[in-house]
Every structure is written in C-alpha cells, then in structure tokens.
Protein chains: 2
Amino acid sequence: MKTADDMGTDGGPSEPEILDARKAAILNAVVTEYISSAQPVGSQHLVDAPGVAVSSATVRSDMAALEREGYLTQPHTSAGRVPTDKGYRFFVDHLAGPAMLDPVGRQQVRRFFAHAHGEIESMLERTSGLLADLTDCTAMVVGPSHESTPIRSIQLVGLAPRVALLVVVLADGSVRKQSVELAADTDDERLAEAARVLTVHCLGRPVAQVDGECGTTGDPDTDGVLAACAGALATLGSEEGAEQLFVGGSSRMAAAFDAVDTVRSVLTILEQQLVVVTLLRDVLDRGLSVAIGSEHGVEPLASCALVVMPISVDGAEAGTIGLLGPTRMNYPQALAAARVVGDRLSSHLSEVGR
Amino acid sequence: MKTADDMGTDGGPSEPEILDARKAAILNAVVTEYISSAQPVGSQHLVDAPGVAVSSATVRSDMAALEREGYLTQPHTSAGRVPTDKGYRFFVDHLAGPAMLDPVGRQQVRRFFAHAHGEIESMLERTSGLLADLTDCTAMVVGPSHESTPIRSIQLVGLAPRVALLVVVLADGSVRKQSVELAADTDDERLAEAARVLTVHCLGRPVAQVDGECGTTGDPDTDGVLAACAGALATLGSEEGAEQLFVGGSSRMAAAFDAVDTVRSVLTILEQQLVVVTLLRDVLDRGLSVAIGSEHGVEPLASCALVVMPISVDGAEAGTIGLLGPTRMNYPQALAAARVVGDRLSSHLSEVGR
DNA sequence: GGCGAGCACTCGGTAGGATGGAGTGCCAGC
DNA sequence: GCTGGCACTCCATCCTACCGAGTGCTCGCC
C-alpha cells in the first residue's frame, strides 16, 4: 500500500499523471460500477462501458497495468478489481465531471432554504440533516470560530442577589453567556452601570483579546462587579475558538459498512468534536476538497472518504461543511450537494446579517 | 411473544408475582450470566449458583417452568435459555439489589463534578459523555423545558441598520435569541427604549405566554420596533418546550449488537430528538425508571432497554437522564450510575443557581 | 412428592469435500 | 495491437457427517 508516495499537486514525477484514454475510461467504469454495486468488478462488465470498445481480454491487460500502477487492486486472485485510494483520487481529479444535484435533491434544497428561519445554530444543525439526506453520508457542519469577532454589546442580568449573568453579544449575532458570582448583593441599577462600563471598555474587541482589567469607576462596589466580570470574560475567552460542530446522519455509517467494528470506530471518531473539527480544518488547509482513505491520516477512518467545503459570509470564512462516507461513496453527488448547500448556506447567512 | 399481557403494577392476577425461592435464584443466575456472557445459558452452568444447590436435571425442570411462565426463552431447542423482557423485569424489580457504583466510577464522578464549570448546556453535554463512560451505554441528557420559566430580562442589540438581535434572559439563566428585521434604520437609543418597554411588559411571564402586542409608547418608530419584536417573541415562544437533548456515546450501540441492521435502526432513532425526548418523558410519566424491550413501545428499540432518572433543581423538575443499552445491559450498574450522576448533577445545578 | 441419574433426542456449529462459476493471465494468431 | 481460446485459481455454495451442548422425560430413591 505505498500508493500515497508522492501525489503532490506539482505533477513533477516522470510517470505521466494522465492515463491513456482507454485506461482512463476503464478506471472510470470500474470506480462508477464499484460505487454503485460495492462488488469487485470484472473485465466482462466493462466491455460495454463508454470509451472502452475492446474485448474483455484487452480490458484485462489494461486492468493488470492499472493494478501495477496502483490504481486498482484485487481482493484475491480470480476476483474482479476494486479501486485503490489512488484510483479514487484519479477519478475525482480527472474523471468525474462537475455533476449537478439530481432534480429531487435540488427541490429539497430549494424548499429547505425557502423555509429557513431561526438562529444560526439551529440553521446549521438542520443543514447537517439536509446534507445527510441528500448524500446518504454523515454530514458535519462546523460553525464560525468567533475567535476574532468583535464584541457588540455586554449586559449583566441579575439572577439571584449574588449571582448575575454576563451576556455578551458578538457583532455577527452570536451570544455568549457566563454566570458571575458577586461578592455582595447587587441591585439591577448597579449591574446596569457595570455593564455600561464594560461595554465601553470591550466594544469592538474580540472576547479573547479582552485583558484582565475592565475599567474602573471609582465606586468600590461597581468595581467589585467589574472585577468578577473580568474573570468571567477570561473564561469565555479561553473557550473561544472552540467551534461548534453539528453532526447529522451518523446512522448512515452503519449502512455504509457491514463490519460492525468499522462502524464503531468511525462513530467513536465522530464523537470527538475536536478531532473532527481539526480534521476538516486540516484537509481544507491542504487545499483539498476531497480526502480519500489514508490521505487524511486518521487511522480509524482509513476506509472513509471526506468531502469538505468552506462556508463564507461576506467573503470571510465562517464555517465548514464536511461529508463522511465510505471510500466508495458517490463523489460527484457528494461534491455537488456540498457545493450547492454550501453556496446557499453562505448566501443565506450573508443575507440575514444585513 | 405474548409475554407482556398484563404486567400492570396492581399485582392483581392470580399468578403470584413472587417466584419460589429456587426459581428466583435460577432466574437471577440466568440473567446475571447472560448479561456478562451474551450466550444462552444451560442448566449445567447454574448448579453452582448461590441458592440453587440442586442437580442440573432439577434446574432443567425449573427452567422449563420459568419458560412456561414467560420469564425465559430458548433461541432454539437444545440451546440454553435467554431471559425474556418479563425475565429482565422481574430481575430488575425483585432480584437486583440496590447496587453501588464501583470505586473507579465513583472516583470518576467525583473528579468530574469537582472540576465542573461552565454553563448548563456544556455541563449537560459533558455529563452525557461521563455517563456513557461509566455504563458503556449510550447516554441521553435532556435539559429543562423552560416552558414555564419566567422572563427575567429582554434586550435589543443592533447588528445592522435594520437588523437587531432580541436577547431574552430567563430566570434560570438560560438565554434565547432571535434576530429581528426592522422596517426603518434604528439607533441604539431607540432600541434600548424599546427593550425597556418590552421588559416591563413581559417580565415574569414565560416566553410562550407573551401575547401578540407588546405595549405601546405613542412614538410610532418605537412602536414599529415593538411590533417586530412581538413577531420574534412569538417565534421563540413556539420553539419553547423543545427541550435540548445531548446524546453521548452513541458509538457504544455498535458494540452492543452484532447485527449492523439493529445498530442502524437504533442510531436512526437516536437522531430524532423529538422521539427520544418524548420517549424519556413517556417512561418517566408512567412512573418507571427502567423500560425493557417492548415495554417502551418504540419498535426499532425492541432489543434495547432504557434507564431514566429525573434531574431536579430546587425541587422542580429540570431535565432527565437516560441510558440506552441492549436489553442485556448491566441494570444494577446503569441504575447506580444514573442515580449518582443524577443526584450530583441536581445538586450541582441547584448550587450554581443561588 | 420432590430430587437426581440416566437416556434418547434435537439442533446448531464446524469441518471436509465436491461443484460451479466468475474471474484471471497468458499465448498464438489475425 | 487486439482478440479468441485455454488453463488455472479461488471464492461461494451446497451437502454431508459429526460432535457436543443442551433439552425433556422417565424411573427409581429418599
């Protein structure tokens, strides 16, 4: 399995990246067929494929060549061929044309966004469900990180004589809250006064950049409240950058594999928010929109492929869409769904914000 | 499978609920053994069990009786016996003593609550992970419904010239938000004024009970803002009662069954928040803390059992804990974990609020 | 009357062997 | 360079036999 040796985007190696037309057609047919049947495909099934038009013997010799070059593999002698990760990669990069979503799916997306409402979190949550429905994959939606979103407003609401709730509204409409223990009984007047001072002091800065002290008033009681709030803000700041993750349709992983062990290990990964978010980020940072099998480097997901798509609001990156399926997932469909939903979601979120 | 005919709690039927001591011991041993081995258990394996002390032939005749009475069943002739739902029920009600959490688990719980911090949502989320770790089941934690939690404060924060964010803080410290489209450009002054009117008008009432109109000021611009907010409040009100659900450790369902189909159907249920929340509520309303197999009436979960435990804050019900596992789950352990975590969580949440 | 030893019986799981078929690699010939 | 033909491989399936775990039943014993 040394297929992932140097698959860089440079195209430098002496081996030509582009296969001879017929071999490409054969690879294409193998991948397509295997994606839909999940069965190793033999030479006989390929003679009718477009672009092939040779006898099965010739197909066999081409397939043997494709296997030598690492695009195909055999589960065992005298079985058909199955694509390798490299085979899928070539398919995704050179063979799969830019697909459209099927009409039913398009209709579904249109209806979804026509009735879209509510706040961003529930929007993202429901989007993950939509994507799972469209692609039969597990869908992941990562919300914006807010790491550098400036504070728009700070309020303090008294909950009990010595407990207040610090409510921070960020410029994009997201809300953070943190309860604050106060040293002394404090009435609403004083809380409002403290909130005013805090707002002036913090306005326009992201939460993580608010430093320890939060201004003074000269009044010792109010200053006590402010000090307590500084601690709460620090807590919020340290949580900042922890993007929200919404996973939809994880049950589809159970349909994708028949080994229950595989299902378990994949689900275990999906439960680890940090791992998933990092994985998506990592793939995106490498400039990929598809990561196949070993390419993403998460061992328990070796038999999975990942499709990622950034979400942007007003040009700024504001989240990520991810689709997880078996390596024999329907790439064109998944890419089309991710693109369409990503675009619609991006423009939907941009619209709401103005 | 007519085992669930009349299992009411009345105890009315002529058949005595209590089994003869040896049969009870045998049932106990079968359940215990089957829980730990997942294999049908035969008469030979039971002769050494405490309270049995008879030959395997006698055990066999007792087992045959237990099967006639519906407590046991055979996968096929000449296999050992497996408990039925009724068998598990008897085990839970009469045989399983009140168990303690094992020391390792107790330690884990102690550490968890010692370092507990953050807001209620993340607290509940992490609690679901803790419970899954403790019991090897899938854990569900349902937050409070807020249906009747009074409004403590309402604020309006301008996000764009014609968009404001309505931020509603409830008396228990939870926060609702909803963006509001405004008909005209509105400055912060006017928003603050509208928020003041709104707060006065809504204070102390739950969101769902805020009626259409939200007061007037005489000033047409402010009244326009108020009208827009009334719509937003209605939206929030209609979402009220939709409790938050946190599911942890769903990957454990893949380890619990070896039929991948079962795993898929169970996971599909777990993805439907409303179904899960309703299920937990339903079981709790029937006064049960354990629902086994067919007892809970959700067909795809027929091979699962459910342990539920209410969470209360200051005496008022404030959520639910649920554990989902195969019917051969470790009931004593699950009950102990649910009880301990539920108690600790209840008192933790009560403490924070004062 | 309840209990236990003995016995015949059942049936799932496993191992061995035969068979068929899908698929391959190779080669000679067009 | 492609194709038809051929020998070969190996999985999947089926059948059979067989072992063993487990049962139900009966009869004798205390």
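A residue counts as near a DNA strand if one of its heavy atoms lies within 4 Å of it. Keep that cut-off in mind, and remember too that what you're looking at is a predicted model.

Let's start with DNA strand D. There are 19 residues around this strand, and the ones that come nearest are A:Ser55, A:Thr58, A:Ser78, B:Ser43 and B:Arg81. Notice the letters in those names: chain A and chain B both appear in that list. Now zoom in on some individual atoms. The side chain of A:Thr58 has an N or O atom 2.7 Å from a phosphate oxygen of DNA strand D. Over on chain B, a polar side-chain atom of B:Ser43 is also placed 2.7 Å from a phosphate oxygen of DNA strand D. The bases get some attention as well: A:Arg60 puts a polar side-chain atom 3.3 Å from a base oxygen of DNA strand D.

So which part of DNA strand D do the atoms within 4 Å of the protein belong to? For 73% of them it's sugar or phosphate, and the rest belong to bases. As for the protein side, H2 of chain A and H2 of chain B each supply at least two residues of the surface near DNA strand D. H2(A) gives the largest share, with 3 residues. Sort that surface by class and you get 4 nonpolar, 11 polar and 4 charged residues.

Now hop across to DNA strand C. Around this strand there are 19 residues, with A:Ser43, B:Arg22, B:Ser55, B:Thr58 and B:Ser78 coming nearest. Take A:Ser43, for instance: one of its polar side-chain atoms sits 2.7 Å from a phosphate oxygen of DNA strand C. B:Arg22 has a side-chain N or O atom 2.7 Å from a phosphate oxygen of DNA strand C. B:Ser78 goes for a base instead, with a side-chain N or O atom 3.0 Å from a base oxygen of DNA strand C.

Of the atoms of DNA strand C within 4 Å of the protein, 76% are in sugar or phosphate, while the rest are in bases. Helix H2, spanning 56-68 in chain A and 56-68 in chain B, supplies at least two residues from each chain to the surface near DNA strand C. Here the largest share, 3 residues, comes from H2(B). By class, the residues of this surface split into 4 nonpolar, 11 polar and 4 charged.

How are the two protein chains related? Give chain A a turn of 180° and a shift of 0.1 Å along the axis, and it can be laid on chain B with an RMSD of 0.2 Å. That's the relation of a two-fold axis. If you'd like to find the axis from chain A, look for A:Val260: its C-alpha is the nearest one in that chain, 2.9 Å from the axis. Both copies use the same surface, too, as 100% of the contact residues of chain A recur in chain B.

One last stop: the cysteines. How many disulfides does a search of the whole structure find? The count over all chains is 0. To see why one pair doesn't qualify, look at B:Cys137: its sulfur is 9.4 Å from the closest cysteine sulfur, in B:Cys304, so that's too far for a bond. A disulfide would need the two sulfur atoms within 2.5 Å. You'll have to look inside the protein for this pair: B:Cys137 is buried, with a relative accessible area of 4%, and B:Cys304 is buried as well, at 0%.

Notes:
Residues numbered from 1 in each chain as written. Chains lettered and ligands numbered in written order. Predicted model: local features only at pLDDT ≥ 70, side-chain atom pairs only at ≥ 80, totals over all residues. Heavy atoms only, no water. Polar contact = N/O pair within 3.5 Å; in protein donor to acceptor, adjacent residues only side chain to side chain. Helix = DSSP H or I, 4+ residues; strand = E, 2+ residues; numbered from the N terminus. Nonpolar A, V, L, I, M, F, W, Y, C, P; charged D, E, K, R; others polar. Least-squares fit on C-alpha atoms with pLDDT ≥ 70 in both. Contact = heavy atoms within 4.5 Å. Buried < 20%, exposed > 50% of the residue type's maximum accessible area, 1.4 Å probe, protein only.
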